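Me: I should like to understand how the terms used for a structure follow from its values. May I ask about them one at a time?

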There are 2 protein chains.
Amino acid sequence: MPKSSPATGSTRLRADDWVERGLALLMTEGLGAIKISRLCRDLGVTKGSFYWHFSDVDSLMGAIAERWCTRTREELSRLHKVQGLPPLERIRLMGLRLVDEPSEHVERALREWAVHDSDVAAVLRETEQFIFEVVHDALVELGYDEEAARLRAGLLVYAGIGFAYGQQALPKPTAKDINDLVGFIAGDVAR
Amino acid sequence: MPKSSPATGSTRLRADDWVERGLALLMTEGLGAIKISRLCRDLGVTKGSFYWHFSDVDSLMGAIAERWCTRTREELSRLHKVQGLPPLERIRLMGLRLVDEPSEHVERALREWAVHDSDVAAVLRETEQFIFEVVHDALVELGYDEEAARLRAGLLVYAGIGFAYGQQALPKPTAKDINDLVGFIAGDVAR
DNA sequence: ACCTGAACACCGTTCAAGT
DNA sequence: ACCTGAACACCGTTCAAGT
């Protein structure tokens with residue numbers, strides 16, 4: 001089993017090492033930190049090395065995005081297992097996922113990114129669609145009609161996206177707020 | 001009364017001309033289009049000219065942001081005049097403002113921007129806070145208690161921010177959706 | 001197969017010199 | 001007061017040459 005860290009084993013790099021370091025930079029310092037000169041310094045090689053692995057900087061970006069997309073999909077499929085839980089609980093879990101985003105930096109950067117990269121845009125859409133559907137279906141199961149479920153699920157997902165961008169004029173919502181929110185979204189039956 | 005266009009009158013530029021052109025570029029082609037070499041080409045001068053008016057590119061950015069902020073504040077104060085309208089109508093107007101953003105490009109760019117520029121962040125906060133308060137107060141006027149009003153107003157504002165960023169996995173909301181939404185947010189009394 | 005080193009284009013920044 | 005022109009640093013990109 002090959003190691004991905006350049007520190008262990010061979011001194012040569014694989015494309016993987018660049019992607020990994022790039023994703024790490026994206027999460028800690030944001031999109032602006034991904035410079036190939038910076039990556040070279042971090043990885044201890046010269047620029048020529050980079051251009052052996054990638055055709056240009058956009059290609060690296062694409063690879064980083066792809067890796068993030070894969071991980072996000074895995075996370076979503078893990079979330080799929082919540083289908084056994086009661087509907088209100090499912091809604092609550094989706095709400096929490098929207099808020100306590102651990103890698104907030106990535107989410108923001110990828111949204112900027114999605115403007116220019118259709119692959120990234122596709123995975124973001126997939127994620128939003130997934131969450132929307134879980135909430136929507138849970139609401140239908142609770143007895144809401146199609147239109148009511150659509151409106152409420154849409155509102156929740158959009159609000160979730162907004163959380164990631166809000167300038168906390170309004171305080172960042174807490175876990176309690178999420179509970180209240182679920183109570184409101186599915187309130188007619190929850191109370 | 002001095003003209004701001006370099007085409008009329010003198011051939012010399014004022015700082016204003018750079019800001020105006022920069023804001024135009026921001027709206028039409030996004031943040032990435034603001035290069036000082038590009039601006040020089042558009043305005044028909046050399047880079048030295050730019051550096052007579054501004055200390056660096058960040059300073060231009062700041063000036064562009066400031067101008068946008070001024071315009072946004074004016075727009076908000078115009079919106080203040082809706083205070084005479086019935087509460088539900090006020091909520092509906094705020095909802096519409098959040099959606100039919102004509103200069104969507106600017107809003108997105110400025111949010112990126114706000115991460116690094118606290119002035120821009122401040123005006124974004126102001127805007128969000130303003131809309132939040134209008135909705136909140138309208139809800140209180142409709143008979144909601146403090147906590148219910150806070151939750152609902154917050155949800156609406158965050159959803160509005162989310163609209164600007166959603167990858168339309170879910171369809172962009174229409175004016176009718178906004179009406180339905182208002183019916184939901186203030187539903188207990190509206191129906 | 002993976003990397004160095006030197007080259008080049010492009011962009012931000014500076015500054016002496018021009019009107 | 002406003003601008004030119006030439007210079008320099010920095011970054012992305014290319015490529016011949018090395019192991």
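Reply: This is a predicted model. Of the 18 residues around DNA strand D, those that come nearest are A:Lys47, A:Tyr51, B:Leu13, B:Thr46 and B:Trp52. Of the atoms of DNA strand D that come within 4 Å of the protein, 57% belong to sugar and phosphate.

Me: What makes the pair formed by A:Tyr51 and a phosphate oxygen of DNA strand D a polar contact?

Reply: An N or O atom in the side chain of A:Tyr51 is 2.7 Å from a phosphate oxygen of DNA strand D. The cut-off for a polar contact is 3.5 Å, so this pair qualifies. Chain A gives two or more residues to the surface near DNA strand D from each of α2 (36–43) and α3 (47–53), and chain B does so from α3 (47–53).

Me: Which element gives the most to the surface near DNA strand D?

Reply: That element is α3(B), with four residues. The residues of this surface comprise six nonpolar, eight polar and four charged.

Me: Why is A:Cys40 called buried?

Reply: The relative accessible area of A:Cys40 is 4%. Buried means under 20%, therefore A:Cys40 is buried.

Me: How do you know that B:Cys69 is buried?

Reply: B:Cys69 has a relative accessible area of 5%. This value is under 20%, so B:Cys69 is buried.

Me: How many disulfides does the structure hold over all chains?

Reply: The structure holds zero disulfides over all chains. A disulfide requires a pair of cysteine sulfur atoms within 2.5 Å, so no pair here meets that cut-off.

Notes:
Residues numbered from 1 in each chain as written. Chains lettered and ligands numbered in written order. Predicted model: local features only at pLDDT ≥ 70, side-chain atom pairs only at ≥ 80, totals over all residues. Heavy atoms only, no water. Buried < 20%, exposed > 50% of the residue type's maximum accessible area, 1.4 Å probe, protein only. Near = heavy atom within 4 Å. Polar contact = N/O pair within 3.5 Å; in protein donor to acceptor, adjacent residues only side chain to side chain. Nonpolar A, V, L, I, M, F, W, Y, C, P; charged D, E, K, R; others polar.
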